[in-house]
Amino acid sequence: MTAPSRVVVVGAGLAGLMAARELVAAGSDVTIFDKGRGVGGRMATRRIESSVGTAVFDHGAQFFTTRSEEFRSVVDRWIADDVVVEWCRGFAGDDGHPRYIARRGMASLAKHLASGLDVRTSSLAFGLSRRDSKWRVILDDASTYDADAVVLTCPIPQSYSLVANTDVELPNDLIMTDYERTLGVLAVLDRPLLRTTTGSSGGSRTARWSLVECGDRPCTSPHREILSLL
Ligand SMILES: Cc1cc2nc3c(=O)[nH]c(=O)nc-3n(C[C@H](O)[C@H](O)[C@H](O)COP(=O)(O)OP(=O)(O)OC[C@H]3O[C@@H](n4cnc5c(N)ncnc54)[C@H](O)[C@@H]3O)c2cc1C
């Protein structure tokens with residue numbers, strides 16, 4: 001199959017950046033639009049100044065693992081590029097699966113993947129239409145962009161609203177997909193927790209929580225904690 005010559009990718013998170021890189025490698029002319037000020041989407045890093053120095057928080061994805069040879073070879077390249085390091089192999093002992101983090105915060109992996117790509121940030125895809133075999137993407141500043149193909153990687157509700165006025169039909173189970181709300185608490189501690197494990201989780205009938213202890217991550221200073229309440 002030949003790659004479409006001109007492609008618009010909506011979303012510069014992990015999915016959009018990886019898709020764009022594959023398409024560029026296949027010879028397509030790719031432009032990525034993201035409504036955010038930077039790349040990464042839910043792979044997000046925030047720096048907060050505190051009395052004990054700069055705290056670096058990954059407040060979206062905090063780590064990832066590999067479950068296939070194909071992805072493992074991709075991650076091996078990121079390790080060779082010194083962007084990603086192995087962090088641990090499980091939270092209550094070694095479960096055999098390496099957990100990886102980006103050395104300078106998870107958003108730095110997105111920046112690495114975006115390098116060399118045509119990424120337009122602060123650009124919200126507002127509408128989508130198709131005439132004959134051409135797609136037209138309308139941005140929130142009323143500018144338009146024509147393409148042979150469009151890749152939507154924004155969360156399903158946003159993707160659904162973009163295709164709502166086209167002849168594209170999304171599968172019902174995709175439309176019915178729901179997202180759980182997450183409250184993230186980023187706390188800079190002035191001393192280590194009295195715990196030895198790397199992470200833990202628990203919950204009640206109404207809430208679930210997970211705790212990722214970041215003191216041993218190379219991208220953070222000692223005693224930094226991220227508490228994610230789900
Ligand atoms: C709190 C939290 C913790 C997590 N922890 C982990 C973890 O530990 N390990 C793990 O593997 N995964 C984790 N995840 C999940 C992981 O972050 C996501 O699965 C992954 O980052 C999704 O990538 P994506 O590219 O599909 O989507 P996103 O990262 O959401 O990217 C979509 C992009 O589309 C953009 N966009 C949306 N609408 C538009 C529009 N109309 N026009 C232009 N741009 C648009 C957004 O700005 C965004 O940048 C976590 C998620 C959260 C929220």
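Me: A helix is a DSSP run of H or I with at least four residues, and helices are numbered from the N terminus. With that reading, which residue follows α2, and is its phi positive or negative?

Reply: The model is a predicted one. In this model, aspartate 82 follows α2, and its phi is positive, near 65 degrees.

Me: How should the length of helix α2 be checked, and what span is expected at 1.5 Å a residue?

Reply: The expected span is 1.5 Å times one less than the number of residues. Helix α2 covers residues 69–80, so its 12 residues should span 16 Å, and the end C-alpha atoms are indeed 16 Å apart.

Me: How many residues of α2 are buried?

Reply: A residue counts as buried if 20 or more other C-beta atoms lie within 10 Å of its own. Of the 12 residues of α2, zero meet that condition, and the helix is hardly covered.

Me: How does one read the pairing of strands in a sheet?

Reply: Strands of a sheet pair through backbone hydrogen bonds, in either the parallel or the antiparallel sense. Here, β9 (residues 125–131) pairs with β10 (residues 134–139) in the antiparallel sense, over six bridges. Within this pair, leucine 128 has valine 137 of β10 as its bridge partner. The two strands form a hairpin with two residues between them, and aspartate 132 in the turn has a positive phi of about 55 degrees.

Me: Which strand does β10 also join, and through how many bridges?

Reply: Strand β11 (residues 144–147) is joined to β10 by four bridges, and the two run antiparallel. Tryptophan 135 has alanine 147 in β11 as its bridge partner. The hairpin of β10 and β11 has four residues between the strands, and alanine 142 takes a positive phi near 75 degrees there.

Me: In what order do the strands of the three-stranded open sheet lie?

Reply: The order is β5-β7-β6, with antiparallel pairing. The edge strands, each pairing on one side only, are β5 (64–65) and β6 (84–88). Strand β5 is joined to β7 (residues 99–102) by two bridges, and threonine 65 stands opposite arginine 99 of β7.

Me: How is the environment of the ligand described, and how many residues surround it?

Reply: One may list the closest residues, then the contributing elements, then the classes. The ligand is surrounded by 28 residues, of which Gly11, Gly13, Gly41, Ala61 and Cys154 are the closest. Helix α1 (residues 14–25) gives the largest share of this shell, three residues. By class, the shell holds 13 nonpolar, 12 polar and three charged residues.

Terms used:
Residues numbered from 1 in each chain as written. Predicted model: local features only at pLDDT ≥ 70, side-chain atom pairs only at ≥ 80, totals over all residues. Near = placed C-beta within 6 Å. Nonpolar A, V, L, I, M, F, W, Y, C, P; charged D, E, K, R; others polar. Pairing = 2+ DSSP bridges.
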